[in-house]
Amino acid sequence: MRPLRLELNAFGPYAGRQSVDFSAFGDHGLFLICGDTGAGKTMLFDAITFALYAQTSGGERTGTSLRSDFATPDQDCWVEFTFEHMGETYVARRSPAQVTASKRGKGKLVSRGIDGSLMHGDECLASKSDAATKAVEGLLGLDYQQFRQVTMIAQGAFRDLLCADADSREGVMRKIFETQDLQGFQTRLKETASSAMASLADAAGRFDMLAEGVADVPDADAENTAAPATLPSADVEGSLAAADGRVAELEVVADRARSDLDRLEGERDSASEALRQARERVRLHDAVERTAAEVASARAAHEAASVALASARSAHDASYQGLVGEERSLTDSLPRYDELDQARATVKTSDGRARELAKGVSALTDRIAVLEGTISSARSEFEAAPQVARDLARGKAELDATLQRGQDVGRCLGNLRTIAHERGHLSQLVATSIERTARADEARQAYDMGFSAFVAEEASSLAKGLAEGEPCPVCGSTAHPHLAQAAGDAPTKARLDELQVASDEAAKAAGTAREAASSKKSEVETLSSSLLRTACELVGHPSAGADAASEELAATDELAALRDSLAAEYKEREARLKDLEAQSAGLDRLKGDVEAAQAESASVSSKLAQAKADEADATRELAAARAKVEAIGASLPFSSAEEARSHLAEVSSERRSLDERLAKAERDDADATTRVASLEATLAERRRAAADAGLAEGAVPDAIAPFEDAAARADEAVSKARDVLAGALSADKAAESSRDRMVELAPELDRLSHAAADATLMANVAGGNLSSSNRISFERYVMAFYFEQVLLCANRRLAHMTNGRYELVRREEEGGRTRAGLGIDVLDHATGRARPASSLSGGETFEASLSLALGLSDYAQQRAGGIQIDSVFIDEGFGTLDPEALESVMDVLAGLAGESCLVGVISHVAELEGRIDDRIEVEAGPHGSVATQVVG
């Protein structure tokens, strides 16, 4: 895994958005994270680890404490880490659980849970926090603890491991080597042994309880059976034999109970039959007496029904014919009531029509008055129409003139701004000309110096061949008092030619720049002069002839003011023109309204005359309809058809009631006759049944109580016999069940005994509780093995840091319950003796702890299956090192970085800033920390 970029927002001490580009440091090498204590250096490592695994690098900070205290409520806390793995680029993003301002409700706070994702290009590999963590573990091949050991090296734990006392070292090593599961394995073995012993004790207790239960089972007939003997519990076979004997005894008791129950059930059946016969005689006697009483009652009811029938016939004969005549008369008069209703409807319709016509006449009269007023008031407004037309034409002309002048001012103002921009361009061209002229001078000076040196070198070469008295090939002199000396740094002929070419090109470039600047200056001055004249004409005063740039600036301000004034004037004139147009349009509409009102007035007058004629006709129709209603109503007995129909319904109901009362009386008389005959037949039949049962007419049957007592005593005896049999069977079954369970439990006792012994032995072995001298637990044994491998890896680093002087060794302790050689000694090769690690100096302690950390990283990579680590981050203070030790440590880190690995170091040691060019400088401020990236 190689980091490429880290983005974080509102994370830890960083209030705003912070970005770190790791790719700027290259594929390998060293970079430093420096800054004051508490500024947030380690928080950058925490951000990387949190983005990948939702946990921080040291494990101390939790997700809920990662949101920055400097952040505003509307800021979201998140971190995004871009990294490369196996040539592919991935992006891990994570947000901790936090409380932020709601995006919908103003001022509301919402709680958000932890969220995360892992992207590979446009492909989303995981969209939830837990899924993202699993995806990262599968991609990198490292879980969170392995990543901390391999990549995020925090040295404090290893300093604790190096210098801890005997009581706390084991806990430190358990955290580093993750042997908590082994400790849990020992605990589970111990719990398994305890559980096995408890199971054995429980089974033995259940066997004893079963044996006691068989012995204590009571007989069903306790009065005739002696108390059972107590079964022995110590002897399993003896207990089983005694249980078999007790089961046989209980089976004999059950057989005797069955025989008693059969005898008593026969006696109960005889008593029950005698009771049934006695009850039947009593039932027949009661039925005869009850039926005789019902016959007497039915005869009385028949006499009453005959009297009621005679009364109903008399009432029917007296009133029936009169009701029939009245019903016929009312039926014949009903059509006249329909004629009356029609006449009344005609009155109502005529009256409504007359009222509507009267309202129409009144409305038409009012409408004519309104139209006449509208026509009168409009005539006075027509007199102002010519002046409105003249004002409208003048307003349009003024508005067009203002618009044209404003456009002229805008164009001039834009041209002046263009001139200002061109002047800036001219300044750049002048600066470029000056710069290129200086370069040309420098190139010419370089050529001149090179040429002088070259000539001197040539003269020196010529002088070396001169001899006193021989003529010089240049001047011909035979005397050579001052021989030329070599310049020492003269260029070659090729280099001199290069300098001349460079000088010529620089001179050419300078000339081109000067020409461009001169051309631009002439262009700007010509355009500026023309625009100033135009601008002065627009603002209304001539040019002052001062500096062109100053005049342009002044003209720009005046034109801008004039443009604003013209814009305001245009808006004012535009508003006035709209008012005039509205007035003109209103006059046109008013003229049309008057013409429409005149036409409508003529139409309404015609309608008014017709409405008055219709009103007179409706009044005449209403009077005729009212006279017809009075004539029909005087000839009828009721005022409406509803009253007539209601009275007819009463008469018809009374007639039907007389018919129904007569029919009911006839039915009641017939029913009473039938009931008397039926009851007399039933009475005769029941008297014959009583005689057949031996009960003479008028005789009283025997008392039933003695029969009931005998049957009850027989039932009670049978019930007791059944209880005795059920008890005997239950006791026999319970004894058999307990005996069978004892037989089943005997092999289980043997198995549990062996299992408890085996589990206890395994727990003692894993926990180091044997009586032998090597009393070491399984966790400590594995811990010692891991630690030995880490020390081998660590000593390769420590040997380089200390020039081969020190070597970390594991102390083999002797005695009873030892810590299996978990002590750390330092073998000093200078003295050949081992001494405690706590005797090292501060700088030596740092070197040893750093070696341990790097050793664990190396060994963790080996355990992870040879995973390639492309980056390592070290959080450790270097302040305890002297210059020589610091040099050795830096060599080790440089060697690690030279192995295609990017190494990040957290430190505030000033000397490291001079040694490491690539840095991330973290600075704390009143509004949060800021990280600045420096690439050397």
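Here are a few exercises with worked solutions on the predicted model shown above.

Before starting, note that residues are numbered from 1 along each chain as its sequence is written. In this predicted model, local features need pLDDT of at least 70, side-chain atom pairs count only at pLDDT 80 or more, totals for chains, interfaces and linings use all residues, and side-chain values use heavy atoms, with hydrogens and water left out.

**Exercise 1. The whole chain**

Task: Find how many helices and strands the protein chain has, and what share of its residues is buried.

Solution.
- Step 1: Helices (H or I, at least four residues) and strands (E, at least two) are DSSP runs, numbered from the N terminus. The protein chain has 16 helices and 17 strands.
- Step 2: Buried means under 20% relative accessible area, exposed over 50%, and partly exposed in between (1.4 Å probe, protein chains only). Of the 936 residues in the protein chain, 37% are buried.
- Step 3: A contact means heavy atoms within 4.5 Å. Take the contacts between residues at least 6 apart in sequence: 74% of them join residues at least 24 apart.

**Exercise 2. Cysteines**

Task: State how many disulfides the structure holds, and decide whether C34 is buried or exposed.

Solution.
- Step 1: A disulfide is a pair of cysteine sulfur atoms within 2.5 Å. The structure holds 0 of them.
- Step 2: C34 has a relative accessibility of 4%, so it counts as buried.
- Step 3: C793 is buried too, with a relative accessible area of 4%.

**Exercise 3. The two sides of helix α2**

Task: Work out which residues of α2 are buried and which are exposed on the other side.

Solution.
- Step 1: Helix α2 spans residues 129-140 and has 12 residues. From first C-alpha to last, α2 reaches 17 Å, close to the 16 Å expected at 1.5 Å a residue (the expected span is 1.5 Å times one less than the number of residues).
- Step 2: The buried residues of α2 are S129, A132, T133, V136 and L140. They lie on the same side of α2, because they cover an arc of only 100° around the axis (the arc is that of the directions from the helix axis to the C-beta atoms).
- Step 3: D130, K134 and G138 are exposed on the other side of α2.
- Step 4: The cover over the buried residues includes α1 (41-53), β4 (78-85), β5 (88-95), β8 (115-120) and β9 (123-126).
- Step 5: Next after α2 comes G141, with a positive phi near 75°.

**Exercise 4. An enclosed strand**

Task: Explain why strand β14 is described as largely enclosed, and find which residue stands opposite F873.

Solution.
- Step 1: Strand β14 covers residues 871-875, and 4 of its 5 residues are buried, so the rest of the structure largely encloses it.
- Step 2: Two strands pair if DSSP finds at least two bridges between them. β14 pairs with strand β15 (residues 902-906) in the parallel sense, over 5 bridges.
- Step 3: Opposite F873 stands G904 in β15.

**Exercise 5. Positive phi outside glycine**

Task: Place A54 and N803 in their loops, and classify the exposure of each.

Solution.
- Step 1: A54 has a positive phi near 65° and is a residue other than glycine. A54 sits in the loop between α1 and β4, and at 22% relative accessible area it is partly exposed.
- Step 2: N803 is not a glycine, yet its phi is positive, about 60°. N803 belongs to the loop between α13 (778-801) and β11 (806-811), and its relative accessibility of 61% makes it exposed.
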